[in-house]
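Thanks, everyone. Today I will talk about salt bridges, and I will put the structure up now.

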Amino acid sequence: MERTEVLNHLRENKGGHHIIVTYPEALFEKVINPETLKEQMFEIAVGDKLDIDFMIEFLAEFNFDRTDFVYEAGSFSIRGGIIDVFSFANDLPYRIQLDDDKVESIRMFDPETQLSARRLTRLTIIPNVEEPTNNKNRIPFLDFLSPNTLILAQNFTYVAEVLHQLQKKLKTKLKDEEALSFFDDHKNIMKTMERFSCISLGGDEFFKSSQSFEMKISPQPDFNKNFDLLAANLKRNEDNKYQNIIFSDQPKQVERLYAIFEDLRVGVHFTPIYKTLHEGFIDDENKIACYTEHQVFGRYQRYKTKKAYSRNEAISLKELYELKPGDYVTHLDYGVGIFSGLEKIEAQGKQQEAVRLKYKGGDLLYVNIHSLHKITRFVGAEGKEPKLNKLGTNTWETLKNKTKKQVKDIARDLIALYAKRRTQNGFAFSRDSYMQTELEASFIYEDTPDQAKATIDFKRDMEASYPMDRLICGDVGFGKTEIAIRAAFKAVADNKQVAVLVPTTILALQHYKTFKARLQDFPCTVDFISRFKTAAQAKETLRKVTEGKVDILIGTHRILSKDLKFKDVGLLIIDEEQKFGVQAKEKLRSLKTNIDTLFLTATPIPRTLQFSLMGARDMSVINTPPPNRQPVNTRVEVYNTDTIRDAVDAEISRGGQVFFVHNRIKDIFEMGDMIKRNSPHAKVAVAHAQMESHILEETMLGFVDGYFDVLVSTNIVESGLDIANANTIIINQAQNFGLSDLYQLRGRVGRSNKKAYCYLLIPPMSVVTSEARKRLAALEEHTALGSGFHIAMKDLDIRGAGNMLGAEQSGFIAEIGLEMFQKILDEALTELKEDEFKELFNDEENPTPLVRDTQIDTDLEILIPDEYVGSVNERLNLYNKIGNLKTHEDIVAFIASLEDRFGKLPKQVNELLRSVELKFKAKDFGVEKITLKNNRMRLFFTTRAEGKFFNTDKFGAILSYLQLHPIRCKLTQTPSEVSLQINEVRTVREALMVFEELGG
């Protein structure tokens, strides 16, 4: 790709002057001549006519690969009237949209999102001209250059020798004359060079020189990481009136040099230049000593390369659990079967698409695309295949009812807890003061939408008369702590104290610093209690808390001790609840009988997550990453000291810091020594929980302040340690950690806009258990920002989803699958809310709808045609997305993305999306099922909720419509159903018009 770009830039002479960096072997290969390059380009502008067949032929001729989605140079895809193509001379691919055979628009798009980035008026597609179908009309690269080009080489004699040796090798390997013609002759290359102005930097006499310069330059000395030698050398240069210059593109590295010389107590002077230089040198004539910091520290120079999209980084169109033929699935109405793909079926001579499921005994079930939400991927016990159900029996219905009954028993207790909390008297906090507004305005970043919503949520809870019990679930580094600070200050503003409970002393200290820094300009006293304080300091803190002189107290389990008495505590904030044991949680329950409680977590444990999903605890989810945040590059590697050295050196070379997690105290110092031996320039510190508190505190603060490059520690750094400059973490014996632990540890890096790396070091894969392999694979797979929920659910999957909700549900989950268990749980909850606990939930903002779901059965052609979306997996993915659309706005946004990616919507897709709109309207009218067949629409109304629907205004509107259209309509009532038939309804659009006339 780079060669093609260079040739194109030279042909167009973009920007006038160019510096071309090359090497002898690259000169040996001939290139396409400018005329042929122009001939082989494909240029087109908006408004031009374009023959798709001709374009396919052009791209195929130049070995472009036809793919479902374009993500790398040399690929193209055609979807209806949309052509995506990635030229070999561009950073981003093109998207051409046609109206018949006319180019309607040209856009560049992002391969990661597949959505358009910017519009263009014209484009030029350049094939990979280095791999043409033939080698005719190729010329030496030097013939491509302008006559006034200047050629510089270290040694032209060396260049000639390399070319000569290369030609001999080629003649030995390539016997075909045509293949040899692809390369130039070494004598011809050197002869061509004579036409240009040439400068030899090595003083060789290959070409007859017209002028020569003597430059007294020697290479930078090798100090072998001995800084005494370096200091002595720089001092000697000073004495000899040489100017010392040190090149580094990392200011932090220069700071380290200053610190080293300060430690050595030597007074040397140098001028830092913050640029990259490949090698240092000493110029005796001009008395300049130019050194590079990467040579001083003995590291590899890190080269910056242009970003290239990989298949993994590009386009994330797959769902978390993408269905593949052969996967086990569970259908809500028919039980466990095997997914066997999408299949076209005919209804009344019109084509439709359905999901094909296989059941026991070879039974087949075709599921309408409107009912895909009833299918879930089977997630059961680890390593066990489920039993398939047989169609036509009541086995599944019996099992489902049995499961629902037991789930209801558990849910009933949880809802009772929820009800009890709602009836308790809590403290209703006042509305925001001006200081609260000022605090939030002083946040140095702009709130993400999810942060803003979480703020609204906790304020509503705190201002209510019953105690708050809210979970803030957000990925690491997504701003949960800021939410906690705002909630804490809201409590302090009403003269209430706040207790912040954290799992580790390190996190207590970190939170103390964060809270204190944010609240320093406000009348608020922040303190902490942990083993970092002496007995006398702790006693003084306890006294102040009792007297009400401390507004916010941050601490570990010490907060729960009997000798700690708050004067008037009003808010309890608990960070990472899953880190606390049973005894701690029992003490918490006694402490928080009627005070507001806020939980913070990145990866909720199953029970916490389930409590929130079931309504026994309120939940706010922060999914939006801060701007410029990048996913952490995660690699699983077999333990190797070279890997460790390279990772450490690479991070330090860019001015960063490294976490090295080793969770065994007995040999943790040996690991620290190993890193020092391999990377002697690195400042290494060791930390673990059994160290004396003052030493641990000094070590941690030294790392936070950037004095150390590498922190070798146990997993005490897992929670909350926020160091933006630490962007590499190496986790040793990663197979011994739980998935959420690994996720939390990985979250210690990537908290700035720098690319971060996580290395999971393991023994040879053969000795790693299958469960551990799945955990590591899950972490490697889920690198996207905001994967905390996915990780929590994947953890359930790997562990077999056993002891859920505090009750043994593993038997049911093994039979019906975790996701179906969740659906049945939701159904059970809804039924309990409607029946036994309906009075409790009457005041909810979103009351339970009369109809949970509306089914559509039709003989109309409603599908995504193959010619519009050719990929079967992508069609299934889109059907799933359509099934998850909730509002009219969702439909509009979905249409925009479809048209951007696939072009103008065909009639069938328009009808499909209108049918979603139809479902929305039908639900409001209590319609459980719609049939649209033989130009008639039949609406089946709900008979649930004790006939409540038949007393509503909606049903009154239906009766009025019936009276206005007595010939067109017919109302039928039987003991089991009420239905309305409306004739002359031929399309979904006409069905929607009926509901508009009804007032929907």
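Which side chains meet in a salt bridge at 3.3 Å, N to O? They are those of Asp642 and Arg645. Please keep in mind that this is a predicted model. The two residues are three apart in helix α19, which covers residues 641-653, so about one helical turn separates them. As for exposure, Asp642 has a relative accessible area of 38% and is partly exposed. Arg645 is partly exposed too, with 23%. That value sits above the 20% under which a residue would be called buried.

Next, Arg558 and Asp563. Their side chains form a salt bridge with an N to O distance of 3.0 Å. Arg558 is partly exposed, at 28% relative accessible area, and Asp563 is also partly exposed, at 44%.

The third pair is Arg664 with Asp667. Here the salt bridge has an N to O distance of 2.7 Å. Is Asp667 buried or exposed? Asp667 counts as buried, because its relative accessibility is 13% and the cut-off for buried is under 20%. Its partner Arg664, in contrast, is partly exposed, with a relative accessible area of 43%.

Now from pairs to a network. Five residues are linked by salt bridges: Arg79, Asp84, Arg95, Arg107 and Asp900. On screen, you can pick out Asp900 and look for Arg79, Asp84, Arg95 and Arg107 as the other members of that network.

Finally, how many salt bridges are there by this rule? The count comes to 37, and the pairs I went through include Asp642 with Arg645 and Arg664 with Asp667.

How values were computed
Residues numbered from 1 in each chain as written. Predicted model: local features only at pLDDT ≥ 70, side-chain atom pairs only at ≥ 80, totals over all residues. Heavy atoms only, no water. Salt bridge = Lys/Arg side-chain N within 4 Å of Asp/Glu carboxyl O. Buried < 20%, exposed > 50% of the residue type's maximum accessible area, 1.4 Å probe, protein only. Helix = DSSP H or I, 4+ residues; strand = E, 2+ residues; numbered from the N terminus.
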